[in-house]
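User: I am new to this structure. Please take me through it briskly, and give the reasoning behind each label.

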Amino acid sequence: MLQRPRRNRQSAVIRDMVEETRLSVKDMLFPLFVQSGSGKKTPIVSMPGIHRYSLDLLLKEIEECVELGIRSFALFPQVEESFKDSVASESYRKGSLYLDAIHAVSSRFPEISLLTDVAMDPYSSDGHDGIVKDGQILNDETLPVLAKMAIAQAQAGSRLIGPSDMMDGRVGYLREALDCAGFSNVGIMAYTAKYASAFYGPFRDALESAPKFGDKKTYQMNPANRREALIELELDEAEGADFLMVKPALAYLDIIALLRENSHLPIAAYNVSGEYAMIKAAAQNGWLDGEKAMLESLLSIKRAGAQVILTYFAKEFAQLNQA
């Protein structure tokens, strides 16, 4: 027997030497949640170990993460119900919680990358990503609201926006709006293949932003569809995206690989709240080794072709690698 693959598995040193995929904290982008008030750190029950932070404690959390080597973050706001309306006007109001948080984080930590979220649902009284009329989500009427939001975030200090709404044409619309406003240096991480997934539940708990009626299947992608992701890829590339994202990650590893094979742009993947919660719940019940399952999951996402992994495991991974 000339070929014995086990020869390259016989010791830890050799296994490390021939390892094809390696995880680094540099691959990680850590999502964080901001809430109103001060001195507040609220646990998200469905996401063990993850919290909503008031701005003062958010800055401390980011400082701690930076010391661990994390350099990239995504920020999401929990907006109080009294500030929500049908056109998400709070999303671009000067002095809002989110814009103040973007300014504070960007000013305090100019060395980090901060991805800011462009979508109506945290601010919408309907809980949808677009303007609602007669039970329908209006596409073109939503784009100007998203543009106001993106420009306001750029003015607050954001240098990378993430339109997560899945409205048709929004990447090109936002690119033109940002350029015309003098923000041609602000990048766009497009949620290119964002699927209508069951794995978003804990995130919606965190933001209290679930739809007030229906679902999001008329704008988020059908989980049954693979080739359709190539249509979204071609549109986002043509419209000026700087990154392409797949969301969720674990149930869509084939889509990550598909985008990687068909684009020269960096591919990001969002290891979403439900994927995180499954591993945490199983580990808490003693059904699997949480640390090993975390590492195997993250490794699979990178092996599939993601260069950037948005994951709630980022801090835990960084702590493990410093131990």
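Analyst: Two strands pair if DSSP finds at least two bridges between them. Keep in mind that this is a predicted model.

User: What makes strand 2 and strand 3 a pair?

Analyst: Strand 2 covers residues 41-43. Its link to strand 3 has 3 bridges, in the antiparallel sense. The rule asks for at least two, so the two strands pair. At one position, P43 stands opposite H51 of strand 3.

User: How do you know that strand 1 pairs with strand 3?

Analyst: The same rule applies. Strand 1, residues 28-35, shares 3 bridges with strand 3. At least two are needed, so this is a pair as well. Here the sense is parallel. V34 has Y53 in strand 3 as its bridge partner.

User: Which way do the residues of strand 3 point?

Analyst: Strand 3 spans residues 51-54. H51 and Y53 point one way, R52 and S54 the other way. Residues on both sides are buried.

User: Why is F33 called buried?

Analyst: Buried means under 20% relative accessible area. F33 has 0%, so the label is buried. Y312, at 2%, is also under the cut-off and therefore buried.

User: Why is the pair of F33 and Y312 called stacked?

Analyst: Two values decide. Aromatic rings pair if their centres lie within 6.5 Å, and planes under 30 degrees apart count as stacked. The ring centres of F33 and Y312 are 6.1 Å apart, so the rings pair. Their planes meet at 10 degrees, so the pair is stacked. By this rule the model has 8 aromatic pairs.

User: What does the pair of F33 and Y312 link?

Analyst: This pair links distant parts of the chain, 279 residues apart. F33 sits in strand 1, and Y312 is in the loop between strand 12 and helix 11. Both belong to one aromatic cluster, together with F76, F203, Y270, Y276 and F313.

User: What makes strand 11 largely enclosed?

Analyst: Strand 11 runs over residues 267-271. 5 of its 5 residues are buried, so the rest of the structure largely encloses it. Both faces are covered. I267, A269 and N271 lie on one side, A268 and Y270 on the other. Strand 10, residues 243-247, pairs with strand 11 in the parallel sense over 3 bridges. I267 of strand 11 is the bridge partner of L244.

User: How do you know that strand 5 is mostly covered?

Analyst: The count shows it: 5 of the 6 residues in strand 5, residues 113-118, are buried. Strand 4, residues 72-77, runs parallel to strand 5, with 4 bridges joining them. S113 of strand 5 is the bridge partner of S72.

User: Why are helix 10 and helix 11 called roughly perpendicular?

Analyst: Angles of 65 to 115 degrees count as roughly perpendicular. The axes of helix 10 (residues 290-304) and helix 11 (residues 314-322) cross at roughly 110 degrees. That value lies in the range, so the label follows. The axes come within 11 Å. Helix 10 makes the contact with E291, M294, L295 and L298, and helix 11 with E316, F317 and L320. By class, 5 of these residues are nonpolar and 2 are charged, with no polar ones.

User: Is D134 buried or exposed, and how do you know?

Analyst: Exposed means over 50% relative accessible area. D134 has 73%, so it counts as exposed. Its place is the loop between strand 6 and strand 7. Its phi is near 55 degrees, a positive value in a residue other than glycine.

User: What makes a positive phi worth a remark?

Analyst: Most residues other than glycine have a negative phi. M166 is another case, with a positive phi of about 70 degrees. M166 lies in the loop between strand 8 and helix 5. At 4%, M166 is under the 20% cut-off and therefore buried.

User: What kind of peptide bond joins K247 and P248?

Analyst: That bond is cis, with omega about -5 degrees. Most peptide bonds are trans. P248 is in the loop between strand 10 and helix 8.

User: Why is Q155 called exposed?

Analyst: Q155 has a relative accessible area of 58%, over the 50% cut-off, so it is exposed. Q155 lies in helix 4, residues 143-156. Its C-alpha atom is 9.8 Å from that of G182, 27 residues apart along the chain.

Notes:
Residues numbered from 1 in each chain as written. Predicted model: local features only at pLDDT ≥ 70, side-chain atom pairs only at ≥ 80, totals over all residues. Heavy atoms only, no water. Axes fitted to C-alpha atoms, helices over the stretch in contact; angles between N-to-C directions. Parallel < 35°, antiparallel > 145°, perpendicular 65-115°, else oblique. Contact = heavy atoms within 4.5 Å. Nonpolar A, V, L, I, M, F, W, Y, C, P; charged D, E, K, R; others polar. Buried < 20%, exposed > 50% of the residue type's maximum accessible area, 1.4 Å probe, protein only. Phe/Tyr/Trp six-rings, centres within 6.5 Å; stacked < 30°, edge-to-face > 60°.
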